[in-house]
Amino acid sequence: ATRRAALRHATRCAALRHATRRAAVQQATRRAAVQQATRRAALRHANRRATVRQATRRTAVRHATRCAAIRHATRRAALRQATRRAALRQATRCAAIRQATRRAALRQATHRATICATRRATIRQATRCAAIRQATRCAAIQHRPHERPCGALDM
């Protein structure tokens, strides 16, 4: 009877140990599952954060690109305007030079015409004076034949 009781006690102790070991294994498994779930949740959270960061970075890059494009367009427009202004200034300068040249040419032509007219008038006047002198001389010679120079023709 003692041996049977001892056997029963030993069996019960073994069953208890087995149950304890099983409970410990189950608890460890449960703990591992909880840790894995926690790890997965942390990874998901980190991934979400990384995605958000990437999206933010992409938005920032797009914004910077747009700003750069706007700056570039503004600079181009300013350059075009400056070129247009310079061309206008140049055209104005050229027109002014042409006008000044035309005026100078007109002045010169007028001056030349005046000089020519004066010269013609002087020549005419001199011719008239010479003719008058000649006529006077001829008349004087006709009135005073004894003072006629040698070789002078009769008028």
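Here is a quick tour of this chain, from its overall form down to a few single residues.

What you are looking at is a predicted model. The fold is simple to list: the chain has one helix and zero strands. That helix, H1, takes in residues 2-143.

Now for the overall form. The C-alpha atoms fill a box of roughly 215 × 20 × 15 Å along the principal axes. The radius of gyration tells a similar story: the chain has 65 Å, while a compact globule of 155 residues would have a value near 15 Å.

Two pairs of residues give a feel for distances along the chain. Alanine 64 and threonine 127 are 63 residues apart in sequence, and their C-alpha atoms lie 93 Å apart in space. Take arginine 75 and glutamine 36 as well: with their positions 39 residues apart along the chain, their C-alpha atoms are separated by 57 Å.

How much of the chain is buried? Buried residues make up just 1% of the 155 residues. The chain exposes about 14400 Å², and carbon and sulfur atoms supply 59% of that area.

Here is how four residues score on exposure:

| Residue | Relative accessible area | Class |
|---|---|---|
| Cysteine 94 | 30% | partly exposed |
| Cysteine 129 | 31% | partly exposed |
| Alanine 64 | 44% | partly exposed |
| Arginine 75 | 52% | exposed |

Both alanine 64 and arginine 75 sit in helix H1. Arginine 75 counts as exposed because its 52% relative accessibility is over the 50% cut-off. Alanine 64, at 44%, falls between the 20% and 50% limits, so it is classed as partly exposed.

That leaves the cysteines. A disulfide is a covalent bond between the sulfur atoms of two cysteines. How many disulfides does a search of the whole structure find? The count is zero. Why does cysteine 129 have no such bond? Its closest cysteine sulfur belongs to cysteine 138 and is 16 Å away, which is too far for a bond, because a disulfide needs the two sulfur atoms within 2.5 Å.

Terms used:
Residues numbered from 1 in each chain as written. Predicted model: local features only at pLDDT ≥ 70, side-chain atom pairs only at ≥ 80, totals over all residues. Heavy atoms only, no water. Helix = DSSP H or I, 4+ residues; strand = E, 2+ residues; numbered from the N terminus. Rg over C-alpha atoms; globule rule 2.2 N^0.38 Å. Buried < 20%, exposed > 50% of the residue type's maximum accessible area, 1.4 Å probe, protein only. Areas by Shrake-Rupley, 256 points an atom, 1.4 Å probe, with all protein chains shown as cover.
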